[in-house]
Amino acid sequence: ADGLDPSIEFELGPPPPLVGPPDGEAGLTRREQKDRLRVANAEAAKDIARVSGLTFAAVNLELNRAAGVRRVTEATEQQLRDRLQAARRWQWRLGR
């Protein structure tokens with residue numbers, strides 16, 4: 001009636017490999033990874049604010065803009081990584 005022949009068998013190939021977490025994050029859940037990234041982002045923003053003389057809010061605003069983030073709590077894992085990279089570049093420019 002549905003045109004399918006149950007006597008036809010086929011074998012599926014192996015699934016694609018999963019991309020593993022970056023070094024040092026093996027065994028962490030996504031939530032734990034994002035929590036670690038949020039903490040690292042906050043520490044970097046505090047450091048930049050302290051060294052640059054800008055307010056913490058101003059630093060956060062600029063880092064969010066650089067990573068395309070509205071709010072850190074809504075950011076994807078990749079956005080948090082991008083934001084942290086932007087913070088590291090800023091720290092490097094400040095000689096940190």
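Buried here means under 20% relative accessible area, while exposed means over 50%, with partly exposed in between. Keep that cut-off handy, and keep in mind that this is a predicted model.

**Exercise 1. Get the layout**

Work out how many helices and strands the protein chain has, and in which order its elements run.

*Solution.* Start by counting: the protein chain has three helices and zero strands. Reading from the N terminus, that gives α-α-α. Next, look at how the chain comes together. Take the contacts between residues at least 6 apart in sequence: 57% of them join residues at least 24 apart. Then check the burial: of the 96 residues, 26% are buried. Finally, the surface: the protein chain exposes about 7400 Å², and 55% of that comes from carbon and sulfur atoms.

**Exercise 2. Walk along helix 1**

Find the span of helix 1, list its buried residues and say what covers them.

*Solution.* Helix 1 takes in residues 30-52, which is 23 residues. From first C-alpha to last it reaches 32 Å, close to the 33 Å expected at 1.5 Å a residue. Now go for the buried positions: they are Gln33, Lys34, Leu37, Asn41, Ala44, Ala45, Asp47, Ile48 and Ala49. Their cover includes helix 2 (56-67) and helix 3 (77-93). Just past the end of helix 1 sits glycine 53, with a positive phi of about 85 degrees.

**Exercise 3. Two residues on either side of a cut-off**

Decide for lysine 34 and for alanine 40 whether each is buried or partly exposed, then find what they touch.

*Solution.* Begin with lysine 34 in helix 1. Its relative accessible area is 19%, so lysine 34 is buried. Skip the neighbours within four places in sequence, and its contacts are Ala75, Thr76, Glu77 and Leu80. For a backbone check, take the C-alpha atoms of lysine 34 and arginine 81: the two residues are 47 apart along the chain, yet these atoms are separated by 9.0 Å.

Move on to alanine 40, also found in helix 1. Here the relative accessible area is 23%, so alanine 40 is partly exposed. With residues up to four places away left out, alanine 40 touches Leu84 and Arg88. Its C-alpha is 9.4 Å from that of leucine 80, with the two positions 40 residues apart along the chain.

**Exercise 4. Which side of helix 2 faces in?**

Find the buried residues of helix 2 and explain why they lie on the same side.

*Solution.* Length first: twelve residues at 1.5 Å each should span 16 Å, and the end C-alpha atoms of helix 2 are 17 Å apart, which agrees. Next, pick out the buried residues, which are Val59, Asn60, Leu63, Asn64 and Ala67. They fall on the same side of helix 2 because they cover an arc of only 130 degrees around the axis. That buried set packs against helix 1 and helix 3. Flip to the face turned away and you meet the exposed residues Ala57, Leu61 and Arg65. Helix 2 is followed by glycine 68, with a positive phi near 70 degrees.

**Exercise 5. Find the core**

Identify the residues with the most contacts inside the largest nonpolar core, and the elements that give two or more residues to it.

*Solution.* The largest nonpolar core has 15 residues, and Ile48, Val59, Leu63, Ala87 and Trp90 have the most contacts inside it. Helix 1, helix 2 and helix 3 are the elements giving two or more residues to this core. In soluble globular proteins, nonpolar side chains tend to be buried together. Zoom in on tryptophan 90: beyond residues up to four places away, it touches Ile48, Leu54, Val59, Glu62 and Leu63.

**Exercise 6. Polar residues that are buried**

Say what asparagine 60 and glutamine 91 touch once neighbours within four places in sequence are set aside.

*Solution.* Asparagine 60 is in helix 2 and counts as buried because its relative accessibility is 17%. Its contacts are Ala45 and Arg83. Look closer at the second of these: the side chains of asparagine 60 and arginine 83 make a polar contact at 2.3 Å.

Now turn to helix 3, where glutamine 91 has its place. At 9% relative accessibility, glutamine 91 is buried too. Glutamine 91 touches Ala44, Asp47, Ile48 and Arg96.

Conventions:
Residues are numbered from 1 along each chain as its sequence is written. This is a predicted model: local features need pLDDT of at least 70, side-chain atom pairs count only at pLDDT 80 or more; totals for chains, interfaces and linings use all residues. Side-chain values use heavy atoms; hydrogens and water are left out. Helices (H or I, at least four residues) and strands (E, at least two) are DSSP runs, numbered from the N terminus. The expected span of a helix is 1.5 Å times one less than its number of residues. Buried means under 20% relative accessible area, exposed over 50%, partly exposed in between (1.4 Å probe, protein chains only). Contact means heavy atoms within 4.5 Å. A nonpolar core is a set of buried Ala, Val, Leu, Ile, Met, Phe, Trp, Tyr and Cys residues joined through side-chain atoms within 4.5 Å. A polar contact is a pair of N or O atoms within 3.5 Å; within protein, one must be able to donate a hydrogen and the other to accept it, and residues adjacent in sequence count only if both atoms are side-chain atoms. Accessible areas come from the Shrake-Rupley method with a 1.4 Å probe; for residues, only the protein chains shown count as cover. The arc is that of the directions from the helix axis to the C-beta atoms.
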